[in-house]
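Thanks, everyone. Please bring the structure up on your screens, and I will walk you through it.

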Amino acid sequence: MNDLKYIKSYLQDVKKIADKCAQDQIAEIGEVIKLLFNAWLSGKWVFIIGNGGSASTASHFVADLMKTVTEKPGDKGIKAMALVDNIPLNSALVNDWGWSSVFEEPLRTYWEPGSLVIAISVHGGSGKDKAGAWSQNLLKAMQFAKDNGGKAIGFAGFDGGAMKEMAYTCIVVPAESTPLVESFHVVLHHLIVFRLKEKIKEYLQKGEVK
């Protein structure tokens, strides 16, 4: 396959995934918007986690929830934190207690009942590599949220893995391709953030929820 054929094929796959998301994932996307809007209203924490490329999506998502949803300086964003961002803390936890606890342990300090955990994983915790089963640190953090008066939200791909079964709601990108799933997680987080921006603006103007 030459470059032009590869580009055309990839972009055709993008269109198919977008169409399928529009058909099959509307309810899940809407539920995530609702949960995040309620977190904004009530001032609850939103903790976002991921490994690898999904770690950068977690950081990006938090930046958008805190800043992009607002109209101007002084407005209140969503109280969000990417647990991937504290490198000294993460490296200390990994060195002393292992990678599987790197997200669960900070939650024990920051946690407030009613908080949300958003876990982002291409395979949703299924599959393994040289270090063992994938994304077990995400699954432990999701279980912590469920056990302590919060909700766990999943962003996955492939068949959704264990994350789909554990999450209060889980958006599963209908693709079996790591680059496509990771890309669509960003597309979806932007969709969610910019709808939240509109929803918050409408609420502040009218004092009502739609």
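Let's take the sheet. In this predicted model, five strands form an open sheet, and their order is 2-1-3-6-7. The pairing is parallel. Which strands stand at the edges? Strand 2, residues 80-82, and strand 7, residues 169-172. Each has a single partner strand, so one side of each is left without a neighbour in the sheet. On average, neighbouring strands here are turned by 15° against each other, direction ignored.

Now look inside the sheet. Strand 3 covers residues 116-120, and strand 6 covers residues 151-156. The two pair in the parallel sense over five bridges. One residue to mark is I120: its bridge partner in strand 6 is F155.

Next, the helices on the sheet. Helix 8 packs on it and touches strand 3, strand 6 and strand 7. The direction of helix 8 makes about 130° with that of strand 6. Helix 2 lies across strand 1, residues 46-50, and also across strands 3, 6 and 7. Against strand 7, helix 2 runs at about 130°.

On to the rings. How many aromatic pairs does the structure hold? Ten. Take F37 and Y203. Their ring centres are 5.9 Å apart and their planes are at 75°. The cut-off for edge-to-face is over 60 degrees, so this pair is edge-to-face. F37 belongs to helix 2, residues 26-42, and Y203 to helix 8, residues 178-206. The pair therefore ties together parts that are 166 residues apart in sequence.

Is each ring residue buried or exposed? F37 counts as buried, at 1% relative accessibility. Y203 counts as partly exposed, at 25%.

F37 has a charge to deal with too. The charged end of K199 sits over the F37 ring, 5.3 Å from its centre. There is another lysine to look at: K76 lies over the face of W40, at 4.8 Å from the ring centre. And there is a ring cluster. Ring pairs link W45, F47, Y110, W111 and F144.

Now three single residues. Start with T57, in helix 3, residues 53-68. T57 has a relative accessible area of 6%. Buried means under 20%, so T57 is buried. What does T57 touch, beyond residues up to four places away in sequence? I120, H185, V186 and H189. You met I120 a moment ago, as the bridge partner of F155.

Then S135. Where is S135 found? In the loop between strand 5, residues 132-133, and helix 6, residues 136-147. S135 is buried as well, with a relative accessible area of 14%. Its side chain makes a polar contact of 3.2 Å with the side chain of S121. Leaving aside neighbours within four places in sequence, S135 is in contact with N51, S121 and G125.

Keep G125 in view and go to G161. G161 is in helix 7, residues 161-166. At 15% relative accessibility, G161 counts as buried. The C-alpha atoms of G161 and G125 are separated by 5.5 Å, with the two positions 36 residues apart along the chain counted as their spacing. Outside residues up to four places away in sequence, G161 touches H123, G124 and S126.

To recap on G125: S135 is in contact with G125, and the C-alpha atom of G161 is 5.5 Å from that of G125. That's the tour.

Technical notes: Residues numbered from 1 in each chain as written. Predicted model: local features only at pLDDT ≥ 70, side-chain atom pairs only at ≥ 80, totals over all residues. Heavy atoms only, no water. Helix = DSSP H or I, 4+ residues; strand = E, 2+ residues; numbered from the N terminus. Buried < 20%, exposed > 50% of the residue type's maximum accessible area, 1.4 Å probe, protein only. Contact = heavy atoms within 4.5 Å. Polar contact = N/O pair within 3.5 Å; in protein donor to acceptor, adjacent residues only side chain to side chain. Phe/Tyr/Trp six-rings, centres within 6.5 Å; stacked < 30°, edge-to-face > 60°. Lys NZ or Arg CZ within 6 Å of the ring centre and 35° of its normal. Pairing = 2+ DSSP bridges. Axes fitted to C-alpha atoms, helices over the stretch in contact; angles between N-to-C directions.
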